[in-house]
Amino acid sequence: MTKITLDPDRYFSPHSATRDAARELYRAAAHTPIVSPHGHVDPRLFAEPGASFGSPAELFIIPDHYVTRMLYSQGIPLETLLEGDHRQIWNIFCENFHLFRGTPSGIWLTEELCSVFGVEEKPNASNADRLFDALSEKLASTEYSPRRLYERFNIEVLCTTDAATDTLAQHQAIRQSGWDGRILPTFRPDAVVNLDTPDWKENIDRLSEVSDVNVVDYVSFIRALEQRRTYFKSMGAAATDHAALTPFTAELTSEAANAIFQRALKEDANPDDAVRFTGHMLMEMARMSVEDGLVMQLHPGALRNYNEVIFRKFGADKGADIPLQTEYTRNLLPLLNKYGNDTRLTLILFTLDETTYARELAPLAGHYPALKLGPPWWFFDSLNGMARYFDRVMETAGVYNTAGFNDDTRAFCSIPARHDLWRRASANWLAGLVVRHIIDMDEASELMAEMAIGLAKRAYRL
Amino acid sequence: MTKITLDPDRYFSPHSATRDAARELYRAAAHTPIVSPHGHVDPRLFAEPGASFGSPAELFIIPDHYVTRMLYSQGIPLETLLEGDHRQIWNIFCENFHLFRGTPSGIWLTEELCSVFGVEEKPNASNADRLFDALSEKLASTEYSPRRLYERFNIEVLCTTDAATDTLAQHQAIRQSGWDGRILPTFRPDAVVNLDTPDWKENIDRLSEVSDVNVVDYVSFIRALEQRRTYFKSMGAAATDHAALTPFTAELTSEAANAIFQRALKEDANPDDAVRFTGHMLMEMARMSVEDGLVMQLHPGALRNYNEVIFRKFGADKGADIPLQTEYTRNLLPLLNKYGNDTRLTLILFTLDETTYARELAPLAGHYPALKLGPPWWFFDSLNGMARYFDRVMETAGVYNTAGFNDDTRAFCSIPARHDLWRRASANWLAGLVVRHIIDMDEASELMAEMAIGLAKRAYRL
Amino acid sequence: MTKITLDPDRYFSPHSATRDAARELYRAAAHTPIVSPHGHVDPRLFAEPGASFGSPAELFIIPDHYVTRMLYSQGIPLETLLEGDHRQIWNIFCENFHLFRGTPSGIWLTEELCSVFGVEEKPNASNADRLFDALSEKLASTEYSPRRLYERFNIEVLCTTDAATDTLAQHQAIRQSGWDGRILPTFRPDAVVNLDTPDWKENIDRLSEVSDVNVVDYVSFIRALEQRRTYFKSMGAAATDHAALTPFTAELTSEAANAIFQRALKEDANPDDAVRFTGHMLMEMARMSVEDGLVMQLHPGALRNYNEVIFRKFGADKGADIPLQTEYTRNLLPLLNKYGNDTRLTLILFTLDETTYARELAPLAGHYPALKLGPPWWFFDSLNGMARYFDRVMETAGVYNTAGFNDDTRAFCSIPARHDLWRRASANWLAGLVVRHIIDMDEASELMAEMAIGLAKRAYRL
């Protein structure tokens, strides 16, 4: 029970012909380099050659809201998990490792422990201290430094996510260090574009500062954003990323946009202003993408910081963001009518509302030249989530209108496990098509290569 | 074609390794006692030692709206089914037994006929009379009395659902009878809490009467409810149950609540009053649960008595309640912000909108210490409904944030079949995880015991 | 890779016992005549004995918006696809045939090429010209005339879809030609009932003309519609068909309906008028169906002509209709309360929002005598779409409350492939019930015959 065994056929259908086909497809793609076009790894990890991941609690638990939310849901105080002694945190995690049975976190953690760190036992109360010591020792060694693991993981390119106001100092440091890992920034302007961001005004001041454009009105705001995009692009950025409560889009006149912007500067904007301004700025961002070629990503539908008590005590990203029903058809109409037919644009859509896969997103992606569908996101980046995505998206959108995989993670060491899961799930799905004679093995092999790496590279123009 | 054969591996995957694992898991749990924490069995059946189920039509057809709705949908008048001669009703049922092919009713009825009553033929036009006679004879014997079947079914505890104004006389009679079956009441205050209940005012008068609190305003209303909860608890109640059109929650000031309550007493409340009052009372019920420890159940989303013709002629619960799209994320925010972090509360959520499983309910249950997810409800208490529930809930919520099974039935004799179906479905789901190497057999065995009985006992504090 | 092989067990589960059962069930139904109760084939094809399908591009590509949308989504201009040289269009299609991998179009096209036209290679860049020549030759021969294929396809009846203002001249020509194919019209009044139809007023003028009723007000409008229904019925029509943005229904007084109608005649109706008038007219159409026995079909939920650029340049039905979230429970309440209990009415519901299958449509169809559920529609007329439909609808609605299959296609030569796919999917679903011991093989055989042809014939009264 306590031993970790990573079966070579894990996650495949148990049916023998399907499994055999899946295994064959998977093997051909298993060692393809990892392309990670969207994620949240801290570039600081790669900026200094001597950077390390810290303690096992710092690597596996404290920053991973998938892990802390599950422990919290069973009554373990977040204070203990986030602010306690690291060995104690690790012990609590090990005692409760059974909570992750059947969850994607359980899969990623098990694979990471075993494949990356050579741990051969499932964590539990009695081996917790021993594992803590063994992992601590490894984490202190240079063999387990971020750069060394980047190379060992066979990563071809890793995109981070960076505020519009970021100077990209870490990315500059990486470039200047001579290390040849490819860490690229992604332009994420939410904190200056969404007027209801806490500290929006300070963010605007910071935008003025880093862009050298004095942002005093809507026109200078747009100019500053264009400056930042140009800078990000010069630093290697391939894409932008946009979070919004909904995918609402609608263009304002410059005058109307400026009026809202001025109200916001006077801290007098109302909630409706924020909605309309975000909806307008998504149109503007699409326009800029048409012009500068940065791929546009849209991640709508999370009600962030849902648990006020947790947000006040511990801040954002603590496992208390809850999805909302999301509508794409009507909301995206203005943007798609203006830019959807333009092949210079690539807009990659994500969702936390799986009901939109077959009903809205696949029909849209199967029509518009500018649209691609991103992989299953967040809660749905799981075996079942992937299976549902393949089932509901592919028939209508076609594989070639999807954007491959991205891991979207801040947990760097989980990246190989996440891509491996996607490749296994893809192989298994394709094998299911082969054994039912929907496609043949040659076609499946071509699609496998696309799903493992080709689609992502092309969609993100990497 | 006419013979009933209950295959020992029924409902398992036909794939041999999966089936073998499912069988092994199922066998270990198949004879675990039944814990039934939520249902609608009439306690009167157990109050008198000589109680009986009546005719085959009274047992299998007349009170079972799953059965009558299907016959009605094919054009058989409800008058015939509900008010006709019992032998004739039984004959119509048998002639139309093919309508239940592939439905959960078909499974339950078949199993009940065979396992409980020893019937070995599927009902049809030619054996109808013979079956009627055989069943009638059995139903008249003491061997088939409710108490004897309770014991034969190996039930550990059976919770009924009782109005807040119920004196629990039947439950008292059971206790005083010296019979040692454990039949517990559940506090369901909908008829006094939802202002738009027909006869609400009479219900309030009745509440005054049974509580000995003269309900004349909001404060005395709350006092009366607290009195009833204390009384139910003294009679063994473990839980409360709340139906609402939506899961809307929002706290009112006492003054605002009282103003609405006064309008209702004057029969002057408007629909919006009813919505706001129910939303407020759900908050109050959570507060009381924090204080008295009764587990709170919420069953929203059914538009009851949809078919006006049927409702006027035959009353409620005739198979014409239709689900509505339901929103939990925003609706539950006030309640969860106030009580969701409190480990003294257990709130068990149910849904008739499966789109909320993965999108809203699993993320919420995977975060809040006070939340658990109830099993698939009503139309979804079926093989496919369970498979979808496992598929969409477990990865994100984790098994340990679910509440096991409850049968929610008024059909006492179907209880073993329903729990058996859940146990088979659970075993089959776990076997699927084992053969795909997501969990191992030891882990599956532990989870199987939880799903069969452990989770329900802990969630309901039984 | 390039060879087309139509495996005899294609689309069945690869599990051997399931596949064997599916094969046995399928074989018994594979050669049952085709009943096509709803579709969009042009009756002109059958009106003249010498009619032909034109070039391969005219048959397979230009009129098939499933095909053109996929090519367009990958950046191929619609101008090229719709207005180019036919051989060039065909070449582009062949070069991009890989885009259809895993899609229903891929399945239909492959089967059609192989089974109907004897093509044994998958289209690609190098065989494109050769295939074009071979297909052109066949299409020019009388063996491949529409009437000869109708006979070869073993079609028992084929229903077209015809505007309320259509004179049915083509249908008259078919009747008068002495050919004994059964091509029936279907009454579709959307263009006169939905006030926001482009050219609505001209349509009303045309209605006056063809009905010989001078339509000047609501009363004469209703009289004209009744005249047309009578005429369609005299020409063999079995059904009506209604598209609407939503399934909203609500009865207006005659006065209110007339006031809206008068505003529309003066081109002064507002969007809300159009919504209310359509909602009222659906009630009126149900009333007329009760009286004249025409089966009523409702196809709501598509936002048509979504892409304005495409609509302006190329008109309707170019692959740019996008589904919307759809609500049935509340929207249909008025209609069902008035007519749902009337066994003289058959109302067949369709959806583009699969979330309504289990939540709304199956509970409604499992209760109302007048309701049946149509098969998976449009984007969901696919292997996965059918599997989801079986999974979510059948347990609650029961098989006998569904309406079998309809192909809903304008692509006449794809009809055998589409019905074959449904029969295979049905057989596979039933086989899954058999091997899990939910039904036995005799029951499955009866259900198979129903799903292949019986349910459709009975639901459409053919």
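Here is a walk through this predicted model, from the way its chains are related down to one pair of helices.

Let's start with the chains as copies of one another. Any two copies of a chain are related by a rotation about an axis and a shift along it. Take chain C and chain B: a turn of 120° puts chain C on chain B, with 0.0 Å of shift along the axis and an RMSD of 0.0 Å. The two copies are thus related as by a three-fold rotation axis. As for which surfaces they use, chain C and chain B don't match: just 5% of the contact residues of chain C recur in chain B.

Chain B and chain A can be looked at in the same manner. Chain B can be laid on chain A by a 120° turn with a shift of 0.0 Å along the axis, and the RMSD is 0.0 Å. Here too the copies meet through different surfaces, because only 5% of the interface residues of chain B are also interface residues in chain A.

Now for the interfaces themselves. Where chain B meets chain A, chain B puts in 38 residues and chain A puts in 37. On the chain B side, the helices that each supply at least two residues are α1 (16-30), α17 (333-339), α18 (355-365), α19 (383-397), α20 (415-435) and α21 (441-459). Which of these gives the most to the side of chain B that touches chain A? That's α18(B), with seven residues. By class, this side of chain B has 16 nonpolar, 13 polar and nine charged residues.

Move on to chain C and chain B, where 39 residues of chain C are in contact with 37 residues of chain B. On the chain C side, at least two residues each come from α1 (16-30), α17 (333-339), α18 (355-365), α19 (383-397), α20 (415-435) and α21 (441-459) of chain C. The largest share of this side belongs to α18(C), which brings seven residues. Sorted by class, the side of chain C that touches chain B has 16 nonpolar, 14 polar and nine charged residues.

Next, step inside a single chain. Chain A is divided into domain 1, made of 16-51 + 153-459, and domain 2, which covers 53-144. The C-alpha centres of these two domains of chain A lie 28 Å apart. They do touch: 15 residues of domain 1 of chain A are in contact with 17 residues of domain 2 of chain A. On the domain 1 side, α16 (308-314) and α20 (415-435) of chain A each supply at least two residues, and α20(A) gives the most, with four. That side of domain 1 of chain A breaks down into seven nonpolar, three polar and five charged residues.

Finally, zoom in on two helices of chain C. Helix α13 (residues 218-234) and helix α15 (residues 271-292) of chain C pack at about 45°, with their axes 12 Å apart. An angle between 35 and 65 degrees counts as oblique, so α13(C) and α15(C) are oblique to each other. Their crossing is right-handed. Which residues make the contact? From α13(C) come C:Ile222, C:Glu226, C:Arg229 and C:Lys233, while α15(C) brings C:Glu284, C:Met288 and C:Asp292. By class, this helix contact has two nonpolar, no polar and five charged residues.

Technical notes
Residues are numbered from 1 along each chain as its sequence is written. Chains are lettered from A and ligands numbered from 1 in the order in which they are written. This is a predicted model: local features need pLDDT of at least 70, side-chain atom pairs count only at pLDDT 80 or more; totals for chains, interfaces and linings use all residues. Axes are lines fitted to C-alpha atoms, for helices over the stretch in contact, and angles run from 0 to 180 degrees between N-to-C directions. Angles under 35 degrees count as roughly parallel, over 145 as roughly antiparallel, 65 to 115 as roughly perpendicular and the rest as oblique. A crossing is left-handed if the near helix is turned anticlockwise from the far one by less than a right angle, and right-handed if clockwise. Two residues are in contact if their C-beta atoms, placed from the backbone, lie within 7 Å. Ala, Val, Leu, Ile, Met, Phe, Trp, Tyr, Cys and Pro count as nonpolar, Asp, Glu, Lys and Arg as charged, and the others, Gly among them, as polar. Copies are superposed by least squares on the C-alpha atoms of residues with pLDDT of at least 70 in both. Domain bounds come from an automatic or database domain assignment.
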